[in-house]
Amino acid sequence: MQIVPRIFTSYSHDDSAHKAWVVRLADRLVRNGVDVILDQWDIRLGGDLPSFMEAGLTGVDRVLAVCSSSYVQKANKSQGGVGYEKMILTGQLMRNVNSNKIIPLVRNNFSDDLLPTFLSSRLYVDFRNDELFETHYAELLREIHGRQMVARPSLGPNPFTQNPPIIDPLVSFAAERYVSSAQAGTVTFDYSNNNGRYVVGSADMQFETCWTGSGANSIYAYNDPPSIRSIALASGSSKIAQITDATKYDTSSRYRSPQTGEVLLWQNTAGYFMATKIENIQARSHGASVDELTFTYVIAADRGIDFEKVVPQ
């Protein structure tokens, strides 16, 4: 039976941009198997805020405390809803000082006090740099689901009691080989490596593309990665700039099989669209020396649907 972690989000309503960021984070967590309690979703006009806070904070597995500078000030001064939530959380910490129930997240905070006093000894996740969002989001998600970022190695033998065999060092191929953080460009990679994954873009505009071999002149593309909401083949378009409405194409299939020269449309879970044109395909199964894919991509950074406006000139 799958265990679904349940979390409560504690934050201050600094401004509309901060509230929207919290919603996007909560939405991403829900899509990754986390049951999130969030006031913007779960309490209606006229609702009892103190009862909502008490029930939420005491009936969950973990609490995310989004520590903006305003949140820290309100918590330290015991002001407003943040101050009320701090009182409840402090009581829980006093009953179990070793509890790891509260996970501080630092966002919109460049002051000397990154955390409120009652959380000052806790380890936190730093979300201040949007370019590093995916790295720290993975860290947070693994913590919530109880999966360690770095697994403890198995205990080896005592080297002084035997002659260990000589092992040649392994060459490490870092995942950075399969990442391009730019919003547009052309990439070439061996799709038989890294599980066929290549990541483009960053933060909310990140797309984890997934590919497998199909033929000498075609390839399979999938919407399986958690950052991808849908994928579509832009039938009849041989240039990215020809796509003026990214929403009109069929997104009903899990995968598509574009040929060289054809264009794919991707939408990620943050709502951004990306277009990729297949430039070249090589397959060992059809006589090539490598399994290699080259594609050109453009991300619509304005969250729009018309690529005629965003293709680099």
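Author: Two strands pair when DSSP finds at least two bridges between them, and strands (E, at least two residues), like helices (H or I, at least four), are DSSP runs numbered from the N terminus. This is a predicted model, in which local features need pLDDT of at least 70 and side-chain atom pairs count only at pLDDT 80 or more, whereas totals for chains, interfaces and linings use all residues. Residues are numbered from 1 along each chain as its sequence is written, and side-chain values use heavy atoms, with hydrogens and water left out.

Reader: How do you know that S10 and strand S12 (residues 255-256) pair, and in which sense do they run?

Author: Two bridges join them, and they run antiparallel; because the criterion asks for at least two bridges, S10 and S12 count as paired. One of the residues involved is Tyr222, whose bridge partner in S12 is Tyr255.

Reader: How many bridges join strand S9 (residues 207-213) to S10?

Author: S9 is joined to S10 (residues 219-222) by four bridges, again antiparallel, and the two strands form a hairpin with five residues between them. Here Tyr222 appears once more, as the bridge partner of Cys210.

Reader: Which strands of the open five-stranded sheet are called edge strands?

Author: The order is S2-S1-S3-S4-S5, with parallel pairing, and strand S2 (35-37) and strand S5 (125-126) are the edges, each pairing on one side only. Within this sheet, strand S3 (residues 62-67) and strand S4 (residues 102-106) pair over five bridges, where Val66 has Leu105 as its bridge partner in S4.

Reader: What makes the aromatic pair of Trp21 and Phe133 edge-to-face rather than stacked?

Author: Rings of Phe, Tyr and Trp (its six-membered ring) pair if their centres lie within 6.5 Å, and the planes are called stacked under 30 degrees apart, edge-to-face over 60 and tilted for the rest. For Trp21 and Phe133 the centres are 6.5 Å apart and the planes 90 degrees apart, so the pair satisfies the edge-to-face condition. The pair links distant parts of the chain, with Trp21 in helix H1 (residues 16-31) and Phe133 in helix H6 (residues 133-145), 112 residues apart.

Reader: Why is Phe133 called buried?

Author: Buried means under 20% relative accessible area (exposed is over 50%, partly exposed lies in between, with a 1.4 Å probe and protein chains only); Phe133 has 7% and is therefore buried. Phe133 also forms a stacked pair with Tyr137, at 5.8 Å centre to centre and 15 degrees between the planes. Being four residues apart in H6, Phe133 and Tyr137 are separated by about one helical turn.

Reader: How do you know that the charged end of Arg28 sits over the ring of Tyr137?

Author: The definition requires NZ of Lys or CZ of Arg within 6 Å of the ring centre and within 35 degrees of the ring normal. The charged end of Arg28 lies 4.4 Å from the centre and is recorded as sitting over the ring.

Reader: What places the buried residues of helix H4 (residues 69-77) on one side?

Author: Tyr71, Val72 and Ala75 are buried there. They cover an arc of only 100 degrees around the axis (taken from the directions from the axis to the C-beta atoms), which puts them on the same side of H4.

Reader: Which residues touch the most other members of the largest nonpolar core?

Author: A nonpolar core is a set of buried Ala, Val, Leu, Ile, Met, Phe, Trp, Tyr and Cys residues joined through side-chain atoms within 4.5 Å. Of its 24 residues, Phe189, Phe207, Trp211, Trp266, Leu293 and Phe295 touch the most other members.
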